[in-house]
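User: Please take a close look at the metal site in this structure. I would also like to see how that site sits in the rest of the chain.

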Amino acid sequence: MRSAKDFFKPKAIGAPMPLREIPFRPARMIQFFDPSNPKMAAKIPDIAKKVDVVLGNLEDAIQVDNKIAAREGLVKIGRAVEFGDTQLWTRVNSLDSPWILDDLTQLVLEIGDKLDVIMIPKVEGPWDIHYVDQLLAQLEAKAGLEKPLLLHAILETHQGVINVEEICGASPRMQGISFGPADLAASRRMKTTRVGGGHPGYLVRTDPDPSDENAPRITAQQDPWHYTMARMVDACTAHGIFPYYGPFGDIKDVVACEDQFRASFLLGCVGAWSLHPAQIDIAKRVFSPDPEEVKWAKRVIDEMGDGSGVTMLDGKMQDDATVKQCRVMVDLAMALSEKDPELKDAYGF
Ligand code: GLV
Ligand code: MG
């Protein structure tokens, strides 16, 4: 067992001190791009102004022949672009792939000071995080980095779901977890070929009408991802890190995308992946609390004074617990409005 006292010591001589807390930074939309595609790469400086996070993707969706070009493209972009308060993340190849060692080595040594978070796909258990944690410490020391790199795991294997609590607590570097419905469906042998969202076959149906065998029986689609999302949110929160909805693959179905993002926001997620510019505004709208709700939350907090006791506001019961709920909303609104002047006005801060 590793002593609690050692947990916050650097894992290599000369590596930066691990963080004791992961600061909240807006990451409502994580805009994926392919760094091997020069056309896409040229748009990054402009896209970076519109999003909270740009992520150079090296893993799935990048053809085998382009893996090295993608890594090198990301190094070039990392060096050339000033990102301001927009974060630069990457998704590296999986730990069993032939590219991961060079992905981490080259990125940390060449643009480690520009990168904020490294997303590790297909994480199965804490052992995967321990490996990367040690390797990053060695590379950080070699690169002379002053700020520790953070890690983000994708929850996309059945093993990963079983071990999600331990993954979240595996290293002080852990920043968050994203839900990966495509690989997770395959790993669990679910019978869906969709990337996230509902499925018309996953439903409940009302009972037959005993007096009329032809009476219609209403059905309602259910959410096949609810269990995983809720478990991920609890695991992340227990470890002071952040949960994210991952990809929604049907780019044209902006309505269902918004529904899926919103369901995850209501459950506790702080952001989602954006695979196409059409999803940027959806994520921004969904993961920024509604100004009316923020106004209401401020009113509850103001009326409740020290937060104790019970009162009625517009016919709704308020007590210590509702004040805490309202603080969650107001704290998030305040943190987002520091980055977003339009939101600041809308919230009246
Ligand atoms: C994301 O990587 C997924 O597999 O859904
Ligand atoms: Mg995946």
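Analyst: At 69% relative accessible area, Gly84 is exposed, and I start with this residue as a contrast to the metal site. Gly84 belongs to the loop that runs between helix H2 (67-80) and strand E3 (87-91). Its C-alpha atom is separated by 8.6 Å from that of Lys49, a residue 35 positions away along the chain. The model is predicted, and what follows is computed from it.

Now the site itself. The magnesium ion (ligand 2) has as its protein donors Glu156, through OE, and Asp183, through OD, lying 2.1 Å from the ion. Glu156 is in the loop between strand E5 (150-155) and helix H5 (158-162), and Asp183 is in helix H7 (residues 181-188), so the pair ties together parts that are 27 residues apart in sequence. Water is not among the atoms, so the site may look incomplete.

The two donors can also be described by their exposure. Glu156 has a relative accessible area of 3% and is buried, because buried means under 20%. Asp183 has 24% relative accessibility and counts as partly exposed.

The chain around the site is built from 13 helices and twelve strands. For 349 residues, a compact globule would have a radius of gyration near 20 Å, and the 22 Å of this chain agrees with that. Along the principal axes, the C-alpha atoms fill a box of roughly 70 × 55 × 45 Å. Of the 349 residues, 47% count as buried, and Glu156 is buried too. Among contacts with a separation of 6 or more, 71% are between residues 24 or more positions apart.

The surface and the charges can be put briefly. The accessible surface of the chain comes to about 17,700 Å², and carbon and sulfur atoms hold 54% of it. The chain has 40 positive and 51 negative charges, and the mean positions of the two sets are 4 Å apart.

Several loops elsewhere in the chain complete the picture. Gly249 is in the loop between strand E9 (242-245) and helix H9 (254-267), and it is partly exposed at a relative accessible area of 34%. Gly249 is 152 residues from Ser97 in sequence, and their C-alpha atoms are 24 Å apart in space.

Two loop residues have backbone angles to note. Most residues other than glycine have a negative phi. Lys122 is not a glycine, yet has a positive phi of about 55°. Lys122 lies between strand E4 (117-120) and helix H4 (126-143), in the loop there, and counts as partly exposed at 24% relative accessibility. Asp314, also not a glycine, has a positive phi of about 50°. Asp314 is in the loop between strand E11 (311-313) and strand E12 (316-318), and with a relative accessible area of 54% it is exposed.

Strand E12 includes Lys316, which counts as partly exposed at 47% relative accessibility. Leaving aside neighbours within four places in sequence, Lys316 is in contact with Trp296 and Thr311.

To return to the metal, the protein donors of the magnesium ion are Glu156 and Asp183; Glu156 is buried, whereas Asp183 is partly exposed.

Technical notes: Residues are numbered from 1 along each chain as its sequence is written. Chains are lettered from A and ligands numbered from 1 in the order in which they are written. This is a predicted model: local features need pLDDT of at least 70, side-chain atom pairs count only at pLDDT 80 or more; totals for chains, interfaces and linings use all residues. Side-chain values use heavy atoms; hydrogens and water are left out. Helices (H or I, at least four residues) and strands (E, at least two) are DSSP runs, numbered from the N terminus. The radius of gyration is taken over C-alpha atoms; the globule rule is 2.2 Å times the number of residues to the power 0.38. Buried means under 20% relative accessible area, exposed over 50%, partly exposed in between (1.4 Å probe, protein chains only). Contact means heavy atoms within 4.5 Å. Accessible areas come from the Shrake-Rupley method with a 1.4 Å probe; for residues, only the protein chains shown count as cover. Lys and Arg count as positive and Asp and Glu as negative; His and the chain ends are not counted. The place of a charge is taken as NZ of Lys, CZ of Arg, CG of Asp or CD of Glu. Donors are N, O and S atoms within 2.8 Å of the metal (3.2 Å for Na, K and Ca); water is not among the atoms, so sites may look incomplete.
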